[in-house]
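This briefing summarises the computed geometry of a single protein chain for a reader who has the coordinates at hand. It moves from the chain as a whole to individual residues.

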Amino acid sequence: FRSNFVVSPYGGVLNRPGFEFVAQTEGNEVARMIRFKFSASDTYALEFTHLKMRVYRNGGLVLSGMSPFVLATPFTRDELLAIRFTQSADVMDMVHPNHKPQKLRRFDHDNWTISDAVLVPAIAAPASATATATAGTGTTQVWRYQITAVSDDGSNNVEESLPVTSNAITVFASTLQGSVVWPASAGANYYNIYKDNAGAGIYGFIGRSTALSFTDNNITPTKTDTPPTGTDPFVGAGNYPGAVGYFQQRLVYAGTNNKPQTLWFSRPGVFNNFGYSFPIKDDDAITWTIASNEVNRVNHVAPLRSLITFTDGAEVIIQGSAAGFTPKTINGDPQTYNGTGQLRPLTINDNALYAQERGREVTAFGYSLQADGFSGSDISVLSSHFLEDYGLIDWDYQKIPHSIVWGVREDGALVGITYMPEQNVAGWHLHSTDGLFKSICSVPEGREDYLYACVERTINGVTKRYIERSASRTPVRYAGTAIIAKSFFVDSGLMYDGANTTAETMTLTGGTLWKHPETLTLTSSNGSRFVIGDVGDEIQYLETPAAEPFRLKITAYTSGSVVSVRPVGVVPEQIRGVAFTGWAFARDTFSGLAHLEGKKVAILADGNVVAQKTVAAGAVTIPT
């Protein structure tokens with residue numbers, strides 16, 4: 001079979017577009033590419049290399065000042081493909097079993113931070129609590145209080161701090177009254193007060209206060225509503241999770257080395273809080289372990305109508321009751337027993353695509369009305385030769401324009417799966433280049449999704465790693481006419497476009513017949529437009545972007561603003577002695593190709609295929 005053809009979801013095949021060279025990777029390292037989408041206009045491709053991260057946006061490398069923005073990370077080159085991640089707004093949660101969970105935060109295009117996740121309440125408890133008894137007589141009791149600070153933004157995201165405990169006080173039968181005071185906690189909207197009146201160490205809720213004090217007139221504590229407890233569950237080697245996701249407003253971590261089948265769910269809406277109470281409340285954090293006959297590590301979690309948990313040996317759905325997902329209603333049931341490897345599942349419509357344990361089979365997993373449950377179907381069964389010798393190591397989904405899952409094979413080939421489950425379409429295609437694909441991600445930019453790829457190429461005998469971005473196959477049009485000159489079907493390519501995009505004008509004077517071979521004078525409004533090396537190049541008049549350009553060959557250099565030109569044909573009347581901005585500078589020598597030094601390259605010039613050239617000193621010269 002042939003490669004580099006895309007299967008159309010509507011039938012037939014299309015030659016694939018090329019890849020545009022963007023930059024060499026940081027330190028010439030192999031990169032893992034990960035998509036980050038903050039909004040429709042702010043989308044990024046993140047390049048992770050050994051202990052570093054860089055950012056790409058709209059086909060370019062994001063700069064900080066005059067240099068690329070670089071962020072230090074804890075991930076080594078050997079860990080990159082095993083990173084799991086999920087995103088909420090401008091925060092990406094990233095996990096790897098060798099590291100404390102990480103929070104990657106975006107503040108601007110060139111302002112990112114990464115740090116250990118702090119998995120305790122964001123609001124701090126009051127620094128102290130001081131209780132005082134009201135004087136009296138008679139039988140005594142010993143009371144003690146706990147105070148928590150509460151942040152409530154009015155959107156059901158209520159966060160309660162861990163408690164601070166007061167001193168013990170002795171109250172008297174004649175008064176049975178005490179009071180407690182505390183200093184303010186930053187960000188607190190109010191404070192909850194809990195009391196232990198039996199000396200058993202069990203505190204129950206007795207009230208709340210927006211002030212910094214509370215008077216207790218022998219209020220009976222509600223021992224079914226106790227203050228939160230809990231600490232960070234991921235402390236120390238062996239206790240770091242290897243999977244992460246979100247489900248029903250809870251952040252989910254799973255699969256540590258010490259507890260490979262256990263999942264941890266945050267409190268709903270409070271993603272850094274893994275606190276719980278005694279007795280358990282519905283909004284407490286949840287720790288739950290999958291029961292099975294053998295130990296199957298949780299590798300991934302993915303939310304569909306239930307939480308799909310992908311393990312080494314089975315696919316398990318985790319859900320609650322119809323009333324909600326709580327510590328008391330959580331349950332899990334195995335659905336299939338295929339097993340999943342390190343390749344993260346992709347959610348497409350109401351299906352999850354996953355590669356089985358060795359990346360050699362691809363399964364579509366989703367709810368089946370016929371089975372009244374979740375089931376999986378092998379979408380690679382009719383194209384098994386694509387994965388027969390080499391499994392997939394990385395992949396992503398390009399929704400627009402052709403609904404394609406792109407995957408990188410172990411041998412560096414690029415595999416595409418044109419996938420539309422609602423139409424029962426699953427068409428496989430293979431793609432190659434002069435090099436090896438190492439990682440990809442798909443990023444929505446404008447009206448299409450673009451692939452960013454780390455590609456390893458051999459240049460003059462030296463291994464180079466480049467970041468390249470797929471070109472659009474949709475032709476650029478002007479007034480309905482496709483501009484073939486802007487087609488892009490080369491790999492690791494660059495495009496030169498000499499069209500003027502400023503207010504700079506050109507004025508053509510000195511004509512009598514205004515046609516070839518008469519010599520005319522061309523004057524630019526830019527005093528430093530021309531150099532002596534421009535002799536032999538051309539200035540083109542562009543009546544419209546889709547029209548055939550009128551050409552003026554530069555024959556002599558006079559100054560930075562004036563050259564002599566010879567028209568190719570008859571000068572259009574509208575530019576005889578009249579300044580015009582619709583012009584382009586046509587060259588025959590192109591530099592900036594050092595990344596392809598020594599390579600024979602294909603060239604499209606003004607829509608025409610010209611003879612291949614070998615890059616020398618970072619440049620090629622083409623025929624006029």
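The points below are grouped by topic, beginning with the overall fold.

The model is predicted, and local features are reported only where pLDDT is at least 70. The protein chain contains 54 strands and zero helices. Its radius of gyration is 33 Å, well over the 25 Å that the globule rule gives for 624 residues, so the chain is more spread out than a compact globule.

**Overall dimensions and surface**

- The C-alpha trace of the protein chain spans about 120 × 60 × 45 Å along its principal axes.
- Of the 624 residues in the protein chain, 49% count as buried.
- The area exposed by the protein chain is about 28,000 Å², and carbon and sulfur atoms supply 50% of it.
- For contacts between residues at least 6 apart in sequence, 56% join residues at least 24 apart.
- The protein chain carries 49 positive and 58 negative charges, and the mean positions of the two sets are 2 Å apart.

**Cysteines and the absence of disulfides**

- The structure holds zero disulfides.
- Why does Cys-441 form no bond with the closest cysteine sulfur? The sulfur closest to that of Cys-441 belongs to Cys-454 and is 11 Å away, which is too far for a bond; a disulfide would require the two sulfur atoms to be within 2.5 Å.
- Seen from the other side, Cys-454 has its closest cysteine sulfur in Cys-441, again at 11 Å and too far for a bond.
- Cys-441 counts as buried because its relative accessibility is 1%, under the 20% cut-off.
- Cys-454 also counts as buried, with a relative accessibility of 0%.

**Cis peptide bonds**

- The peptide bond from Phe-278 to Pro-279 is cis, with omega near -5°.
- Pro-279 is located in the loop that runs between β26 (262-265) and β27 (286-289).
- His-516 and Pro-517 are likewise joined by a cis peptide bond, for which omega is about 10°.
- Pro-517 belongs to the loop between β45 (506-509) and β46 (520-524).

**Positive phi outside glycine**

- Gln-249 is a residue other than glycine with a positive phi, near 65°.
- The loop between β24 (243-247) and β25 (250-254) contains Gln-249.
- Is Gln-249 buried or exposed? Gln-249 is exposed, since its relative accessible area is 53% and the cut-off for exposure is over 50%.
- Ala-617, which is not a glycine, has a positive phi of about 55°.
- Ala-617 sits in the loop between β53 (608-614) and β54 (620-621), and with a relative accessible area of 75% this residue is exposed.

**Tyr-246 and its surroundings**

- Tyr-246 is part of strand β24 and is buried, with a relative accessible area of 15%.
- Which residue lies 159 residues from Tyr-246 in sequence and 8.6 Å from it in space, C-alpha to C-alpha? That residue is Gln-87.
- Leaving aside neighbours within four places in sequence, Tyr-246 is in contact with Thr-86, Gln-87, Ser-88 and Asp-93, as well as with Leu-251, Val-252, Phe-271, Pro-303 and Leu-307.

**Two loop residues: Ser-8 and Thr-137**

- Ser-8 lies in the loop between β1 (5-7) and β2 (13-15).
- At a relative accessibility of 11%, Ser-8 counts as buried.
- Apart from residues up to four places away in sequence, Ser-8 touches Val-13 and Thr-418.
- Thr-137 occupies the loop between β15 (130-133) and β16 (140-152).
- Thr-137 is exposed, with a relative accessible area of 55%.
- Not counting neighbours within four places in sequence, the contacts of Thr-137 are with Phe-172, Ala-173 and Ser-174.
- Thr-137 and Lys-464 are 327 residues apart along the chain, and their C-alpha atoms are separated by 87 Å.

Definitions and conventions:
Residues are numbered from 1 along each chain as its sequence is written. This is a predicted model: local features need pLDDT of at least 70, side-chain atom pairs count only at pLDDT 80 or more; totals for chains, interfaces and linings use all residues. Side-chain values use heavy atoms; hydrogens and water are left out. Helices (H or I, at least four residues) and strands (E, at least two) are DSSP runs, numbered from the N terminus. The radius of gyration is taken over C-alpha atoms; the globule rule is 2.2 Å times the number of residues to the power 0.38. Buried means under 20% relative accessible area, exposed over 50%, partly exposed in between (1.4 Å probe, protein chains only). Contact means heavy atoms within 4.5 Å. Accessible areas come from the Shrake-Rupley method with a 1.4 Å probe; for residues, only the protein chains shown count as cover. Lys and Arg count as positive and Asp and Glu as negative; His and the chain ends are not counted. The place of a charge is taken as NZ of Lys, CZ of Arg, CG of Asp or CD of Glu.
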